[in-house]
Amino acid sequence: MNAVFPAPPPASAVSLRGVGKVFSNGTVALEHLDLDIRQGEILSLLGPSGCGKSTALRIIAGLGEATSGAILWPEGGHELGIVFQEPTLMPWARVFDNVWLPLRLKGRSRAAARAEVMAMLASVGLDAFAGAYPRELSGGMKMRVSIARALVTRPKLLLMDEPFAALDEITRQKLNDDLLRLQHELKCTVVFVTHSVFESVYLSDRIVVMAARPGRAIAEIAVEAPAPRDEAFRVSDAYVAQCRRVSAALADAIGRAPERPA
Ligand SMILES: Nc1ncnc2c1ncn2[C@@H]1O[C@H](COP(=O)(O)OP(=O)(O)OP(=O)(O)O)[C@@H](O)[C@H]1O
C-alpha cells in the first residue's frame, strides 16, 4: 500500500492520506481522511460521537487496519505510546510494575528499569505510590499511572483517546496542565481525541474538526495562545473567543452530517 504514496512532508510525525475504514457490517467509519501531524505539536481530533475519531487513532496506533489510503511515517521508526479513556492497569500489579511493563516487554529487568520507572512516576507526582495497587488510587491517579506507562519508553508520539472524559472537572483541569508540562519536557507529539471544545482549545496547537457518516475532517483551526497556558489563559477573553470559534465549527460539523443510519 505504501509503495504508491510519497514520503510524508518534512517535520511530519505521521501523515494520513486518503484513509478510509469500512467495518465488516458495512459502517463507513472514515472516508478519505487526510491529516498531517507535525512533530512536537498537540493536535486534537474533535467531533461528534461516532465521527470516527477513535477509529482514526486506532489505525495510527496499528490497532486497526485502514481499508483504503495510507499511513506515512517519517524515516527512523515510529515508537508510540497510547492512553485510553479507561486507565487499563493490571489490577494485580503494583504501580511500579504497571509502569515497568513496556520496558519489560523490551527485555529490561526490574532492576535495570528502576531509575527510569521512578523518574517517570515522579514526573506524574506518584513516586510515593510506586508500591500501591491500582485499587488504592483515585481515578485521576490511575490515569496518571496510565500516562506514565505510555511515556516510560519516551515515545515520539503519544496517542490519547478521551483520556480525561470520565474524570471530574477539577481533576481534568489538573491533568490538562500536567499533560502540557510533560509534553513540553519530553518534546513529544500528541494526538488527543476529545468531545470537549474547552479541553481541545486549552491543550492544542491545532484542532481538526471531524464530521460523521462518513467520518472526515471538515475544518482545521490553529489555536493562538500565550505560553505557558495556565489558569490565566483559561479565564481570558482570548480563550473564550477561541472556544466560540471552535464551537461554531463543531456545530457546522454536526449540521453537515447527513441523516443516515450508521
Ligand atoms: N468494530 C466495529 N464494528 C462496526 N462498527 C464500528 C466498530 N467500531 C466503531 N464502529 C462504528 O464506526 C463509527 C465510528 O466509531 P468511532 O468509535 O471511531 O467514533 P468516535 O468519533 O470515536 O465516537 P465516540 O466519540 O462516541 O467515541 C461509529 O458509527 C461506530 O458505531
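Student: In this predicted model, which helix gives the largest share of the shell around the ligand?
Tutor: The shell draws 3 residues from one helix, its largest share. That helix covers residues 53-61. The element asked for is helix 1.

Student: How many residues surround the ligand, and which are among the closest?
Tutor: The closest include Ser54 and Thr55. Phe23, Ala29 and Ser49 are also listed among the closest. The number of residues that surround the ligand is 15.

Student: How do the residues of that shell divide into nonpolar, polar and charged?
Tutor: The charged class holds 1 residue of the shell. The nonpolar class holds 4. The polar class holds 10.

Student: What is the order of the strands in the open sheet?
Tutor: The sheet is formed by 3 strands with antiparallel pairing. Strand 2 (28-38) and strand 4 (68-72) are the edge strands, since each pairs on one side only. From one strand to the next, the twist averages 10 degrees. The order is 2-1-4.

Student: Which residue in strand 4 stands opposite leucine 16?
Tutor: Strand 1, residues 12-22, pairs with strand 4 in the antiparallel sense over 4 bridges. Leucine 16 has its opposite residue in strand 4. That residue is isoleucine 71.

Student: Is glutamate 231 buried or exposed?
Tutor: Glutamate 231 lies in helix 7, residues 231-234. A residue with 12 or fewer other C-beta atoms within 10 Å of its own is exposed. Glutamate 231 has 9 C-beta neighbours inside 10 Å, so it counts as exposed.

Student: How far apart in space are glutamate 231 and cysteine 243?
Tutor: In sequence, glutamate 231 and cysteine 243 are 12 residues apart. In space, C-alpha to C-alpha, the distance between them is 15 Å.

Definitions and conventions:
Residues numbered from 1 in each chain as written. Predicted model: local features only at pLDDT ≥ 70, side-chain atom pairs only at ≥ 80, totals over all residues. Near = placed C-beta within 6 Å. Helix = DSSP H or I, 4+ residues; strand = E, 2+ residues; numbered from the N terminus. Nonpolar A, V, L, I, M, F, W, Y, C, P; charged D, E, K, R; others polar. Pairing = 2+ DSSP bridges. Axes fitted to C-alpha atoms, helices over the stretch in contact; angles between N-to-C directions. Buried ≥ 20, exposed ≤ 12 C-beta atoms within 10 Å, placed from the backbone.
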